[in-house]
Amino acid sequence: MINADLHCHSRFSDGVLAPADVARRAQAGGVALWAMTDHDELGGQREAREAAEALGMRYVAGVEISVTWAARTVHVVGLAIDPEDRTLVEGLVATRGGRDGRGQQIAERLAAVGVPGAYEGALKFASNPALLSRTHFARYLVESGYAESTSDVFAKYLAEGRPGFVPHEWATLEQAVSWIQGAGGVAVIAHPGRYKYTQLEFGELFSAFHDLGGRAIEVVTGSHSPDQYREYADVARRYGFRASRGSDFHAPGEGRTELGSLPMLPEDLTPVWQDWQ
Ligand code: AMP
Ligand code: MN
Ligand code: MN
Ligand code: MN
């Protein structure tokens, strides 16, 4: 099995490195097949491909689309897409369009619990201001001493149910899958173990995704525990989904997972890259 890493971020969304630097890190981690999947954004794709090819890695273009399903956020990764596809590009412009207003609301809520100036503070960390993310708020709050790490900021302020959380309507599941398929790509449910759905809702999500043409889920990801690798390997078998693997790398020293470092997929699963040339 090849070392594929099909989920990570650059400074075009909430990562911190330029695409070429993420590429070097992927190569150093032994990655042979790579995709960079910025949130709701394709701006780094050309640089990522050129860097990957110069380093001798196979590259597929990728994106991670923010979706609202059953009142919660789900991330749908698109792999082997055409990054120039008009409908996809326009859909992503619309999807990220609400981020600035949401960021202002997050800052208002943070100010109400004693954290002033967070909008301006977060923007300083957003190298792409069109893609203001909760991660940028988290980095600002760490810098300002409100928490020790970005994951502490989420636990204290930014996760659902915490004082700085602002509900948001992203793309629909149907839109995300159809944009990805229209751009020639494969739709993949990202890190399913992170969503707080009931068992019944999970069943409905996987069935709805499958009926729309979704064909894969992430099994081995930096967001899953080893127990969750087994749990979602079973889901892949049950629904006939192909399996994907990705670190979800964002920044050196932030989170635990380096590019290319995760366990391989279980041998009996069909990898999402099976038919790629
Ligand atoms: P947004 O798209 O602005 O809602 O931000 C979502 C991003 O926040 C995810 O892509 C992760 O990078 C980050 N994130 C979400 N939950 C956590 C967490 N518990 N700890 C650290 N980062 C998180
Ligand atoms: Mn992220
Ligand atoms: Mn995600
Ligand atoms: Mn991600």
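**Exercise 1. Find where Gln181 sits, and decide whether it is buried or exposed.**

Step 1: Look for Gln181 in helix 8 (residues 173–182); helices are DSSP runs (H or I, at least four residues) and strands are too (E, at least two), numbered from the N terminus.

Step 2: Check its cover. The relative accessible area of Gln181 is 37%, so it counts as partly exposed. Here buried means under 20%, exposed over 50%, and partly exposed in between (1.4 Å probe, protein chains only).

Step 3: Skip the neighbours within four places in sequence, and Gln181 is in contact with Leu212 and Gly213; contact means heavy atoms within 4.5 Å.

A word on the ground rules: this is a predicted model, where local features need pLDDT of at least 70, side-chain atom pairs count only at pLDDT 80 or more, and totals for chains, interfaces and linings use all residues. Residues are numbered from 1 along each chain as its sequence is written, chains are lettered from A and ligands numbered from 1 in the order in which they are written, and side-chain values use heavy atoms, with hydrogens and water left out.

**Exercise 2. Work out which residues coordinate the manganese ion (ligand 3).**

Step 1: Pick out the donors: Glu64 (OE), His75 (ND1) and His191 (NE2), at 2.1 to 2.2 Å. Donors are N, O and S atoms within 2.8 Å of the metal (3.2 Å for Na, K and Ca); water is not among the atoms, so sites may look incomplete.

Step 2: Place two of them. Glu64 is in strand 4 (residues 62–69), while His191 is in the loop between strand 6 (186–189) and helix 9 (199–212), 127 residues apart.

Step 3: Both Glu64 and His191 turn out to be buried.
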